[in-house]
Structures are given as structure tokens and as C-alpha cells.
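Subject: A structure to look through

Dear colleague,

I am passing on a structure that I would like you to look through at your own pace. Please open it first, and then read the notes below with it on the screen.

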Amino acid sequence: MVKVGLQLYTVREAMERDFEGTLRKVAGLGYQGVEFAGFYGRTPEQVKAILEETGLVALGAHTSYGRLLHALDEEIAFNKAIGNRYLIFPYLEEKDRERWEEVIEDMKRIGQKCVDAGMVLFYHNHEFELTEELDGQPVLDAIFAKIPPELIQMELDSCWVSYAGFDPLEYISRYSGRLPLLHLKDMVIKTDGTAETVELGQGEVAIKDVADAAISAGVEWLVVEQDHCAGDALENIKTSMDWVRDYGNQGGRINV
């Protein structure tokens, strides 16, 4: 049954202030796993110790393009030591978006090194991979057409798919079997047309339908994320977990 994790970027300010205490609070709210976005100066031994204390699973780690290119061995060793096998390409800077073919070749090499080390490389999207094209199709589809599944898997951010004007349910169906991780995220569109991420159930995304489709597609982890929190981030992730529990109580096939 699918499990529920948290992308720790959501609580990054709290993590900066109190890494261990924040992870204890995340576990106390009922999240089963965490997706790292940095380790805040902790050693692998320190990270492993707090994971063991809290029972949290290291479900993945967002790892910058630069680190994947130039410090992959170090990243693999660190993540293996904390029990994480999933390295996730999180974001491509605008300056690199004019050379997608080169980036894709880099991802192939990184993916192969991950396979050789018993790790898995993922790509996490924003909206630009859908609004920009390569070879006459959205860049996101080009990436997954050009790189075989054994070298890269998908972490679909359903909110950004929706914001880009595409149907997240269709994308979930399209990549079923190649989609172990999904970001479950809600948003509202502001008057200027930009997106503001909000707690689950407080926005415009059909998140129940997204969760249903993801579970049917065999997703392992639904990963809650809120890019920017207008209020207290720890309160926001509690509200989102309340939605998850309610979803499960109403028949959602989820383990919380």
C-alpha cells in the first residue's frame, strides 16, 4: 500500500534552525518518510541516527545537477549510508535550458553510474519542462523518450503539470510503471497568473483524483510538498496530513 512522505524543502527554515527536532515533529505528525533537500551539515551517521530514532524512511534526496555531475560518488556514498537509494534531479537552472540535448546525455551517464552503484536516478519536473519543447514534444516527454527506464525514473510533480495546463491524470497514466514517486501538492492561481502553493485541500488541484490515479498506477510514495508556506510550515504540513488521513478514512488506499 502506498506510503506518505514529506519533501523537507517545505520545512527548510525549521530544518535550518533545528534539524533533529524538526524531523521528530514530522514523524510525530504521521509522515512515514522524508525526501531530503540538503543535510544541513550533518554527517551520514548523524542523519542515520535520527532516522532510526524517529522511524522515518529516507525515501529520496533532491540532489543538484552540479553535485550529480561533479560529486556523484560522494553523494552515492552519503545516501547509501543513510539507507536511501533514490537520487532525484530536482531543478534545471534557466541558463542550462538552451542545451537540453547535453543535459540529457549527462543524465544518461549519471543514471548508469547510479545503476552500477545500486541506486536509482529520478527526474522531478516543474512547469517549464511542459511548456518548452524538444523534438516537437514537451521536454519532459523528450527526456523520458531519450533515456531508457533502467537509467531514469520519474518523480512527477502533479501540481506543476496542472499549472502548465496539462492533465496530471493523463501523465500519471502515461508513465505508469515508471513512476515510483509523486509530489502531491495543491495550489491557487493568483490574480497575476502565478501559482501559490497551499495546504492539501485548500487549493484548486483535484488532489483526490491525483492520489487515486497515482495509487492505481503503482506509486510507492505520495510525497507532500508546499514550495512556499504563507503561515507556519509545521502547521501547514499538519493540515496537509489531516487531509491525507481524511482521504484514507474515506476509502483512499493509503497507509497512514
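A good place to begin is Asp135, which is found in the loop between β6 (133–134) and β7 (137–138); helices here are DSSP runs of H or I with at least four residues, strands are runs of E with at least two, and both are numbered from the N terminus. The model is a predicted one, in which local features need pLDDT of at least 70 and side-chain atom pairs count only at pLDDT 80 or more, while totals for chains, interfaces and linings use all residues. Residues are numbered from 1 along each chain as its sequence is written, and side-chain values use heavy atoms, with hydrogens and water left out.

Backbone angles in two loops

Asp135 has a phi near 55°, which is a positive value in a residue other than glycine. Asp135 also counts as exposed, at 54% relative accessibility, where exposed means over 50% relative accessible area, buried means under 20%, and partly exposed lies in between (1.4 Å probe, protein chains only). Tyr40, in the loop between β2 (33–36) and α3 (44–54), likewise has a positive phi near 55° without being a glycine, and Tyr40 counts as partly exposed at 25% relative accessibility.

Helix α6

The helix α6 has 17 residues and reaches 24 Å from its first C-alpha to its last, close to the 24 Å expected at 1.5 Å a residue; the expected span is 1.5 Å times one less than the number of residues. Which residues of α6 are buried? They are Trp100, Val103, Ile104, Asp106, Met107, Ile110, Gly111 and Cys114, and because they cover an arc of only 155° around the axis, they are on the same side of α6, the arc being that of the directions from the helix axis to the C-beta atoms. Lys113 and Asp116, on the other side of α6, are exposed. Among the buried residues, Ile104 has a relative accessible area of 0%, and its C-alpha atom is separated by 7.4 Å from that of Ile147, although the two are 43 residues apart along the chain. After α6 comes Gly118, with a positive phi near 80°.

Salt bridges

Side chains of opposite charge can pair when their charged atoms come close. A salt bridge is counted when a side-chain nitrogen of Lys or Arg is within 4 Å of a carboxyl oxygen of Asp or Glu, and by this rule there are 18 salt bridges. In one of them, Lys146 pairs with Glu101, with the closest N and O atoms 3.5 Å apart. Lys146 lies in helix α8 (residues 139–146) and Glu101 in helix α6 (residues 100–116), so this pair ties together parts that are 45 residues apart in sequence. Lys146 is partly exposed at 25% relative accessibility, and Glu101 is partly exposed at 37%.

Glu225 and Lys185 also meet in a salt bridge through their side chains (2.9 Å, N to O). This pair links distant parts of the chain, 40 residues apart, with Glu225 in the loop between β12 (221–224) and α12 (233–249) and Lys185 in the loop between β9 (181–184) and β10 (186–189). Both Glu225 and Lys185 are buried.

A third example joins Arg99 and Asp96 (3.3 Å, N to O), where Arg99 is partly exposed at 24% relative accessible area and Asp96 is buried at 9%. These two residues belong to a network of salt bridges that links Lys95, Asp96, Arg99 and Glu102.

Pockets

A pocket is found on a 1 Å grid over the protein atoms alone, as an open set of points where a 1.4 Å probe fits, with protein on both sides within 12 Å along at least five of seven lines, and its lining residues have an atom within 4 Å of a point. The largest pocket has a volume of about 700 Å³, a volume being the space filled by probe spheres set on the points, which are joined across faces, edges and corners. Of its 34 lining residues, Tyr9, His62, Pro90, Tyr91 and His126 are the closest to the centre, and α4 gives the most to the lining, with 5 residues.

The second largest pocket holds about 200 Å³ of space and is lined by 14 residues. The largest share of that lining, 4 residues, comes from α1.

With best wishes
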